[in-house]
Amino acid sequence: KQVRAGISLAEFKRELEATPVAIVDFFAEWCGPCKMIAPVLDKMSKHTPNVAFMKVDVDKCSEVSVESNITGMPTFILFARGKEVTRLVGADQTRLKQLVQKATSAASAAPAAAA
């Protein structure tokens, strides 16, 4: 899992395009729900090795946040090769688990495309 403090928009796009399947957690240090869900996401990420997990601090990466249309925190976006597949706004553990399951399914199909 990568925590990105000051990533540029170009770097962000480059990393996503190079990654078959990724879930990006857009968070803020001051966000209570973000702090509550963080350990849950961390645990899920440890059991999902074929999906990249990234964290983007919306206050330190405002260009990335604006480009990604982040309107509330936390926001979790599932990307496949740089393209948004779906997003979840809010700290809903059940829906986050469903998002991770969807990412796992996408990752199962990704190796052929990545080769």
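A disulfide here is a pair of cysteine sulfur atoms within 2.5 Å. Keep that cut-off at hand for these exercises on a predicted model.

**Exercise 1. Find the disulfide and describe its surroundings.**

Task: How many disulfides does a search of the whole structure find, and which cysteines does the disulfide join?

Solution:
- Start with the count: searching the whole structure gives one disulfide.
- Next, name the partners. Cys-31 and Cys-34 are joined, with an S to S distance of 2.4 Å, and the cut-off is 2.5 Å.
- Now look at the handedness. The torsion about the S-S bond of Cys-31 and Cys-34 is about 80 degrees, so this disulfide is right-handed.
- Finally, check burial, for which the limit is under 20% relative accessible area. Cys-31 has 4% and therefore counts as buried; Cys-34, with 3%, is buried too.
- Another cysteine to inspect is Cys-61, which is buried at a relative accessible area of 3%.

**Exercise 2. Place Val-24 in the fold.**

Task: Is Val-24 buried or exposed, and which residues does Val-24 touch?

Solution:
- Locate the residue: Val-24 lies in strand β2, residues 21-27.
- Read its accessibility. The value is 0%, so Val-24 counts as buried.
- List the contacts, leaving out residues up to four places away in sequence. Val-24 touches Phe-12, Leu-16, Met-54, Val-56, Thr-75, Phe-76, Ile-77 and Phe-79.
- Take one of these partners, Met-54. Val-24 and Met-54 are separated by 30 residues in sequence, yet their C-alpha atoms are 4.7 Å apart in space.

**Exercise 3. Walk from α3 to the end of β5.**

Task: Where are the positive phi values of Asn-69 and Arg-81, and which peptide bond is cis?

Solution:
- Begin in the loop between α3 and β4, where Asn-69 is found. Its phi is near 55 degrees, positive although the residue is not glycine. With a relative accessible area of 54%, Asn-69 is exposed.
- Move on to Pro-74, in the loop between α3 (62-67) and β4. The peptide bond from Met-73 to Pro-74 is cis, with omega near -5 degrees.
- Continue into the strands. β4 (residues 75-80) pairs with β5 (residues 83-89) in the antiparallel sense, over six bridges. One of the bridge pairs is Ala-80 with Lys-83 of β5.
- Finish at the turn. β4 and β5 form a hairpin with two residues between them. Arg-81, in that turn, has a positive phi of about 50 degrees; at 33% relative accessibility, Arg-81 counts as partly exposed.

Conventions
Residues are numbered from 1 along each chain as its sequence is written. This is a predicted model: local features need pLDDT of at least 70, side-chain atom pairs count only at pLDDT 80 or more; totals for chains, interfaces and linings use all residues. Side-chain values use heavy atoms; hydrogens and water are left out. Buried means under 20% relative accessible area, exposed over 50%, partly exposed in between (1.4 Å probe, protein chains only). Two strands pair if DSSP finds at least two bridges between them. Helices (H or I, at least four residues) and strands (E, at least two) are DSSP runs, numbered from the N terminus. Contact means heavy atoms within 4.5 Å.
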